[in-house]
Amino acid sequence: MNNDNNHADSSRENNVEAPVGKGSGLNNMDALSHYLKSTAGAREGRAIPPLEKWHPEDIADMDLVIKANGEWWHEGGQMTRESLVSLFATILWKEENNGVIEYFLKTPVQKIRIQVEDAPLLINDVGIVQEGDMSWLEFTTTTGDVVRLDNEHPIILRAYNPKSDDTVNDAVSTEHTLDSATEAQVRPYMLVRNGLMALIGRNTFYHLTEIGELIEHNGETILTLQSGGESYSLSMPVS
């Protein structure tokens, strides 16, 4: 169950007042924060707004980077207010045009383009949730998303090739990282919502290897996880 995918009542969303006209200035950190907080009453809790129903024509840019280690940096400084980062994360949006992936903070009136070095979300916790006779693996991101491993939210391994100026942090590297920090690294990711992927942090991935079953086969390490009555296997190269 993905708690963050539960949209608030759409009729109340439609009643949210928003700045009008082009150049509404939401690419300013304070203006965007004020706007989101002023409209938060239209949603219950941290429910993700219906971003797919918003089609703003105005596009602006913000000097905001989500680093490869999950940190958010604005105008060269790290954003340390977790509540503000979590608030902005609720309007993260991904688009792909002609093979080019772009990330935005999306509002009804404006899309604000930001930069993402790797994945826009970071998973830092996993636990086993029991419902009746069914056990689920439930993951939590640093910004409050909760998602369970199932067919719609799979875990994948893929290569990440950091740029020389990307921030790489031990908190998110895994034992599958290659020797050179500038070479491709095999990292575990999970699909969360709206096409957004979350990197599974190192400690969380270690916990998964303890929860699941590890076997060696033909030069590969295979991790098998159980969730919702289904089995999910990850084949990892032996380091």
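This report covers the helices and nonpolar cores of a predicted model.

**Overall make-up**

The protein chain has 239 residues, and 46% of them count as buried. Its secondary structure comes to four helices and 15 strands. Among contacts with a separation of 6 or more, 61% join residues 24 or more positions apart.

**Helices 2, 3 and 4**

The table lists three of the helices, with residues picked out for each.

| Helix | Residue range | Residues and their role |
|---|---|---|
| Helix 2 | residues 29–39 | Met29, Leu32, Ser33, Leu36 and Lys37 meet helix 3 |
| Helix 3 | residues 82–89 | Leu84, Val85, Ser86, Leu87, Phe88 and Ala89 are buried |
| Helix 4 | residues 202–211 | Thr204, Phe205, Leu208 and Thr209 are buried |

**Helix 3 and its cover**

Helix 3 is mostly covered, with six of its eight residues buried. Its buried run goes from Leu84 through Ala89. What lies over these residues? The cover includes helix 2 and strands 1, 2, 4, 5 and 11. Strand 1 spans 58–66, and strand 11 spans 185–193.

Helix 2 packs on helix 3 at an angle of about 75°. Their axes are 11 Å apart. Helix 2 is therefore roughly perpendicular to helix 3, as angles of 65 to 115 degrees count as such. On the helix 3 side, the contact uses Leu84, Leu87 and Phe88. The helix 2 side brings Met29, Leu32, Ser33, Leu36 and Lys37. By type, the residues of this contact are six nonpolar, one polar and one charged.

**Helix 4: two sides**

Thr204, Phe205, Leu208 and Thr209 are buried in helix 4. Why do they line one face? Seen down the helix axis, the buried residues fall within an arc of 145°, so they share one face of helix 4. An α-helix has 3.6 residues a turn, so residues three or four places apart point the same way. Asn203 and Glu210 are exposed on the other side of helix 4.

**The nonpolar cores**

The largest nonpolar core holds 47 residues. Which residues have the most contacts inside it? They are Leu64, Phe88, Phe139 and Leu208. Helix 3 gives this core its largest share, five residues. Phe88 also takes part in the contact with helix 2.

Leu208 belongs to the buried set of helix 4. Leaving out residues up to four places away in sequence, Leu208 touches Val126, Leu137, Phe139, Ile155, Ile200, Leu223 and Leu225. Phe139 is thus both a partner of Leu208 and one of the residues with the most contacts in the core.

Another core lies apart from the largest one. This second core has seven residues, among them Ala68, Ala119, Leu122 and Leu199.

Technical notes. Residues numbered from 1 in each chain as written. Predicted model: local features only at pLDDT ≥ 70, side-chain atom pairs only at ≥ 80, totals over all residues. Heavy atoms only, no water. Buried < 20%, exposed > 50% of the residue type's maximum accessible area, 1.4 Å probe, protein only. Helix = DSSP H or I, 4+ residues; strand = E, 2+ residues; numbered from the N terminus. Arc of directions from axis to C-beta. Core = buried A, V, L, I, M, F, W, Y, C linked by side-chain atoms within 4.5 Å. Contact = heavy atoms within 4.5 Å. Axes fitted to C-alpha atoms, helices over the stretch in contact; angles between N-to-C directions. Parallel < 35°, antiparallel > 145°, perpendicular 65-115°, else oblique. Nonpolar A, V, L, I, M, F, W, Y, C, P; charged D, E, K, R; others polar.
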